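Subject: The model you asked about

Hi,

Here is the model, with the sequence alongside. Have a look at it first, then read on for what turned up.

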Amino acid sequence: MADADDDLVLQCQNGNVAAFEMLVRKHQQMVHALTFRMTGSVADSEDLAQEAFIRAYDQIGSFRSHAKFSTWLYSVAVHVCLNWRRDEARRFRAEASCAEEIFAGHSESAPNEMAQQAQAALMKLPARQRAAIVLTLYDGLSHAEAAKVLHCSETTVSWRVFAAKRKLKRWLTTPMARELPMNGGGKEGAFEHE
Amino acid sequence: MVEERRARSNMSDFELESKLKSVRVPEKTDGYWEDFPARVRSQLHRPAVMEQTRTHWMPQWAWGSGLATACVILCLSLGPALQNVAKDERALQRDAARFPHQLHLLMADEHGMQYLVSE
């Protein structure tokens with residue numbers, strides 16, 4: 001077995017819950033980072049991270065060891081985020097508070113305007129384009145790996161990354177950056193698809 | 001407008017990535033990371049059991065009742081037709097015995113079986 005997680009996965013598949021808890025411990029930070037970048041909200045990212053692990057446990061029987069467990073877990077977590085239906089009120093609340101939450105743990109430094117704009121721009125992207133950016137840019141996956149996670153072709157990932165970068169450049173370039181809404185709005189947005 | 005376009009085209013991928021990477025994931029306390037796996041574990045059995053119950057008896061019940069209904073409908077609709085076929089077959093055997101080697105044509109219509117008998 002090539003993957004270091006495979007032994008734990010095998011134990012999970014045989015009903016060992018403690019083995020799954022060890023997998024959670026190992027991958028919890030990665031999943032939290034992913035769900036945070038997909039939602040822009042600390043509270044929602046915690047809920048979604050928990051939901052992702054519960055979903056992974058339910059589906060662990062379908063995992064085959066020819067894939068890396070972390071890639072498979074990425075896929076489960078991304079789809080939990082993509083399928084997450086947020087109503088307008090939640091969306092507005094999340095986007096309005098996201099910049100504040102980013103710096104909640106960094107009270108010693110003043111909120112960085114550039115990071116706020118970047119997070120707001122990221123939240124303005126359609127969900128699938130945001131997922132492509134999060135996977136390739138933040139998590140360093142290749143387009144081929146991201147395609148496996150997102151269950152689409154490599155070309156589709158490349159297109160989504162290209163389209164997302166084009167929009168982000170436009171939104172983050174001054175003076176356009178000043179027009180970025182910090183509380184949602186606009187046609188493109190949080191969990192609308194392309 | 002021209003200035004905007006120039007600014008947009010001036011931003012490189014590297015600059016964009018630097019800006020995006022300036023967004024940091026909020027740090028959590030050690031306590032949170034310690035508690036989280038146990039919190040997930042406490043949630044594991046509840047939905048799994050519910051789903052298992054649902055997936056075990058619901059489809060079986062649906063398929064079973066559907067199959068039973070289909071059988072009843074099939075018996076009710078085919079029963080009389082099969083009886084008629086058996087009746088026609090008996091009549092044909094009887095008439096074939098009455099006219100050996102003389103039955104040339106037979107057909108069924110609303111009046112029953114019709115024969116063409118040669119001399």
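Below are my notes on confidence, the make-up of chain A, two helix contacts and one odd residue.

First, a caveat: this is a predicted model, so please keep the confidence figures in mind as you go through it. For the model as a whole, the scores are ipTM 0.74 and pTM 0.63.

**How far to trust each part**

Chain A has a mean pLDDT of 79, with 74% of its residues at 70 or more. Within chain A, helix 7 (residues 127–138) does best with a mean of 93, while helix 5 (residues 88–102) has the lowest confidence, at 53. Two stretches of chain A deserve a careful eye. Over residues 102–111 of chain A, pLDDT stays under 50, and the model gives them 12 contacts beyond four places in sequence. Residues 182–188 of chain A also stay under 50, with 17 such contacts.

For chain B the average pLDDT is 77, and 80% of the residues score at least 70. Helix 2 (residues 13–21) of chain B has the highest mean among that chain's elements, 88, and helix 1 (residues 2–10) of chain B the lowest, 57. Chain B has a weak stretch too: pLDDT stays under 50 over residues 47–53, where the model has 4 contacts beyond four places in sequence.

**What chain A is made of**

Chain A has 9 helices and 0 strands. Of its 194 residues, 42% are buried. If you take the contacts in chain A between residues at least 6 apart in sequence, 66% of them join residues at least 24 apart.

**Helix 9 and two of its partners**

I spent most of my time on helix 9 of chain A, which covers residues 154–172. How do helix 7 and helix 9 of chain A cross? Their axes come within 8 Å, at an angle of roughly 95 degrees, so helix 7 of chain A is roughly perpendicular to helix 9 of chain A. From helix 7 of chain A, the contact uses A:R128, A:Q129, A:A132, A:I133 and A:T136, and from helix 9 of chain A it uses A:V157, A:R160, A:V161, A:A163 and A:A164. Sorted by class, the residues of this contact are 6 nonpolar, 2 polar and 2 charged.

The other partner is helix 6 (residues 113–124) of chain A, whose axis lies 10 Å from that of helix 9 of chain A at an angle of about 140 degrees. Helix 6 and helix 9 of chain A are therefore oblique to each other, and the crossing is right-handed. On the helix 6 side of chain A, the contact residues are A:Q117, A:A118, A:A121 and A:K124; on the helix 9 side of chain A they are A:L168, A:W171 and A:L172. That contact divides into 5 nonpolar residues, 1 polar and 1 charged.

**One residue to look at**

Which residue has a positive phi although it is not a glycine? A:H151, with a phi of about 55 degrees. Most residues other than glycine have a negative phi. A:H151 sits in the loop between helix 8 (143–150) and helix 9 of chain A. A:H151 counts as exposed because it has 10 C-beta neighbours inside 10 Å, and the cut-off for exposed is 12 or fewer.

Cheers

Methods:
Residues are numbered from 1 along each chain as its sequence is written. Chains are lettered from A and ligands numbered from 1 in the order in which they are written. This is a predicted model: local features need pLDDT of at least 70, side-chain atom pairs count only at pLDDT 80 or more; totals for chains, interfaces and linings use all residues. Axes are lines fitted to C-alpha atoms, for helices over the stretch in contact, and angles run from 0 to 180 degrees between N-to-C directions. Helices (H or I, at least four residues) and strands (E, at least two) are DSSP runs, numbered from the N terminus. Angles under 35 degrees count as roughly parallel, over 145 as roughly antiparallel, 65 to 115 as roughly perpendicular and the rest as oblique. A crossing is left-handed if the near helix is turned anticlockwise from the far one by less than a right angle, and right-handed if clockwise. Two residues are in contact if their C-beta atoms, placed from the backbone, lie within 7 Å. Ala, Val, Leu, Ile, Met, Phe, Trp, Tyr, Cys and Pro count as nonpolar, Asp, Glu, Lys and Arg as charged, and the others, Gly among them, as polar. A residue is buried if 20 or more other C-beta atoms lie within 10 Å of its own, exposed if 12 or fewer, and partly exposed in between; C-beta atoms are placed from the backbone. pLDDT is the predictor's confidence in each residue, from 0 to 100.
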